Amino acid sequence: MAPGFFYFLFDVMPDSPRSVHSQCPYCGVGCGLELLAPAQPGHPVRRDAQGTPIWTARGDRQHPSSLGQVCIKGATVGETLSLGRLNQPLFRTSIQEDFTSIDWDEALNHITQQIQTSLSTKGPNAIAMYGSGQFHTEDYYLAQKLLKGALGTNNFDANSRLCMSSAVAGYSRSLGSDGPPCCYEDLDHCSVAFLIGTNTAECHPVLFQRLMKRKRRNPDSVTVVVVDPRRTDTAKAADIHLPIAAGTDLALLHGIAHLILRENGQDPRFIDDHTDNYDAFFDVVARWTPRRVARFCGIPEKRLRDVAHLWHRRENVLSLWSMGVNQRREGTAVVGGLINLHLLSGQIGKEGAGPFSLTGQPNAMGGREAGGLSHLLPGYRLVTNDQHRQEVEQAWGMPQGSIASTPGLSAWQQVEAMEKGELDLWWVAATNPLVSMPDLDRVKAAMQRCPLVVVSEAYATSETSHYAHLVLPAAQWSEKAGAMTNSERRVTYCPAYRRPHGQSRADWEVFAEVGKRLGFENQFNYSSAEEVYQEFTQLTRGRLCDVSGLSHRLLEREGPQQWPFPQGCEPTSKAKRLYVDHHFSTTNGRARFCTEQPLGLAEPPCDLYPLVLTVGRYLGQWHTMTRTAKVDRLNKMHPEPLLEIHPDDAHDLGVINGQLTAINSRRGHLTARAKVTDRIRKGLVFLPMHWGFTQEQACEANTLMHDKACPISKQPELKACAVIVAPVVSVLKPPEQTGRKRQALKRLLNPALR
Ligand SMILES: Nc1nc2c(c(=O)[nH]1)N[C@H]1C(S)=C(S)[C@@H](COP(=O)(O)OP(=O)(O)OC[C@H]3O[C@@H](n4cnc5c(=O)[nH]c(N)nc54)[C@H](O)[C@@H]3O)O[C@H]1N2
Ligand SMILES: Nc1nc2c(c(=O)[nH]1)N[C@H]1C(S)=C(S)[C@@H](COP(=O)(O)OP(=O)(O)OC[C@H]3O[C@@H](n4cnc5c(=O)[nH]c(N)nc54)[C@H](O)[C@@H]3O)O[C@H]1N2
Ligand code: SF4
Ligand SMILES: [Mo]
């Protein structure tokens, strides 16, 4: 169905469809939602706090990934879609001025003029775009075509750099390609669930509930192991919790490998037939004796042995991981260390087993397929590969040599380039870096050196918009049609079922319009998202992530589908897992053992900064809260950010439960109320990432974080920095002053507020 059809229908029009099916726009579980129109027979029209009619979300029983389940964020998404939205484009020449409203034509002129100037003076690398795993695949794809094709710069990167890039790099190094090999059904079949660096209960709740349901019904059928320095809700439900010291995961994994070998739990046939580099790996893990590992990780040796014992060729081990593993200065090596265990025990490409990264965002997977990182091209291709570039140039109808052969700037490198005055145009879309990047004061200062900062944003007051020159109103999920891929490689069609708010436009439409204005009329001439998707799918033909058989129509008709889905494929005939034949994506078909030595934290604690701060998430808040802060129920769940601190540390530092504390790192300081709890390891403190400077309870955790990153994946170590904590004896921020500051900030964006 053409997206225009739905645009035509207003939220409450009597002939509006009673319900539509889509994928939840929050986490990477990618649950199916059924959205019920505001007006249902026999019921009053549901409205949000401003009286706008709202659609109600509930679990879609037909969605194969979630089977009707949802969590509280998915269930309340309808309440977030209209409140506080940005109405029209806003512009100012410097961030000291107030914004004025402008029309789209003028807004696009500002962008194209800056691009033309940059191209004729500094060249294409003075332009960069920073996108997001919350794009639809169509948005992602056209951003690649615009930057990498039309402009000739690979300076497109996404917030996946802060999220999944260590997993991408880890899969590629060990298995020859990106692509999680498992599926959610494996949760029903594994005999061991090994959860490392993931707070699944809060961050991928529907998957966690699936595992827990199985465990409740048949407690002995599966052993759950959780590796996390905090006793999270996930860890509380585990059979074995390993509260290792922050940043010691690789040593733990090497220690497990060491014990598997000692106990003869390896799979010699699998190793001989399907892997490379085993001898070098053996030499590395031989040195990680149980005693050394137990001491390094700060856990009892007995617990280590209990866990290693579960990793055996006769078991079905499914390992799940997310940010506790990826956000490390050695993130790629830790992913490699985890995949090593699967190769050693032959636990991959079979039911209930394998290394399974839990994707953070709803379409970070689709982004990877569309080439949405600065070293990638659509269809899991690489910018450094001559043949890959030529294939894409040909498909795009662009001359050979249009695409540059070196990787573009990664997310943090874009900030560094602004610091050096090398960027003329920084275009941020569907991400809010002034909450989510490390070392925020540096990012703010860097942005002020960039002549044109463009922010494409759905809501009126994001932190990043406060440092922009041009703000473009974005149509968001529900207002634009598109496809998204979840963690188990399942693609769901997300229809446009509400009218775009105010003058907002879909991101892909804006990218296409800029392409056309730069003279690429033919290349960017699309009349619907469906056409964009069609072009993208053809570029995946013959690749691991082949979706050449998919289209919006097929997905609408047949429902969500897992890839690979080559042309001619029948919806029911596909394999649920990758690598079932144990033929991997490397040139010789063999998977590869990794051999890095553990390094530990990039900024270890010291006398001045004796504690390690880790930063993560709460169940009821999403990232920078532009959406979830609009839901009363979610705010009541988490009224404020709290500093979790162990009772012994609190005692040593004179910190009292509920008291305001000051937290300092080498880069900044902030205050937060203390929650004294033994659910966190001694020596570690925790803050949530969510509350940016526009929030009443502002707590900019990332002003404290450093930018040190994994040299392979370029993913920053957002899970640890060294801090000192002290009780606050006087109130630092008198309430009137905070109020005035907020008023001033609001004024900046005033014309946009409805
Ligand atoms: N409610 C909610 N759900 C979300 C999101 C959200 O904002 N809110 N965001 C989504 C996104 S984009 C992502 S990426 C995922 C993130 O999902 P998760 O990675 O599960 O979430 P985090 O809270 O960032 O971190 C997970 C855990 O890592 C632990 N950790 C810290 N340091 C270490 C370490 O050195 N080793 C180990 N083993 N563990 C460590 C922390 O204690 C924390 O419990 O969540 C997704 N789902
Ligand atoms: N210390 C620390 N820092 C972290 C993390 C951590 O664990 N610790 N986690 C990191 C991770 S994994 C992630 S994924 C990031 C997340 O961080 P961000 O990506 O910055 O967080 P979001 O709030 O999801 O930002 C999405 C923005 O896009 C807007 N938006 C929504 N829909 C659309 C749309 O369709 N189009 C456009 N143009 N805009 C839209 C939203 O209003 C919002 O402002 O944070 C990272 N930062
Ligand atoms: S688990 Fe994730 S995808 Fe599912 S409803 Fe909750 S936030 Fe949405
Ligand atoms: Mo993420």
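This briefing looks at the surroundings of ligand 1 and at helix α19 in a predicted model. Local features need pLDDT of at least 70 and side-chain atom pairs count only at pLDDT 80 or more, while totals for chains, interfaces and linings use all residues. Residues are numbered from 1 along each chain as its sequence is written, and side-chain values use heavy atoms, with hydrogens and water left out.

**Where ligand 1 sits**
- Domain 3 (166-357) and domain 4 (611-749) both give residues to the shell, so ligand 1 lies between them; the domain bounds come from an automatic or database assignment.
- The shell holds 34 residues, each with a heavy atom within 4 Å of the ligand.
- Asp-228, Asp-249, Arg-328, Arg-617 and Gln-621 are the closest.
- By type, the shell residues are 11 nonpolar, 15 polar and eight charged, with Gly counted as polar.

**Polar contacts of ligand 1** (N or O atom pairs within 3.5 Å)
- Val-227 places a backbone N or O atom 3.1 Å from a ligand nitrogen.
- Polar side-chain atoms of Arg-230 and Lys-719 lie 2.9 Å and 2.8 Å, respectively, from an oxygen atom of the ligand.
- The protein covers 100% of the 910 Å² of accessible area that ligand 1 has on its own (Shrake-Rupley method, 1.4 Å probe).

**Helix α19 (residues 411-419)**
- Ala-411, Trp-412, Gln-414, Val-415, Ala-417 and Met-418 are buried, meaning under 20% relative accessible area with a 1.4 Å probe and protein chains only.
- These buried residues pack against β6, β7, β16 and α21, with contact meaning heavy atoms within 4.5 Å.
- Gly-421, just after α19, takes a positive phi of about 75°.

Key. Chains are lettered from A and ligands numbered from 1 in the order in which they are written. A polar contact is a pair of N or O atoms within 3.5 Å; within protein, one must be able to donate a hydrogen and the other to accept it, and residues adjacent in sequence count only if both atoms are side-chain atoms. Buried means under 20% relative accessible area, exposed over 50%, partly exposed in between (1.4 Å probe, protein chains only). Helices (H or I, at least four residues) and strands (E, at least two) are DSSP runs, numbered from the N terminus.
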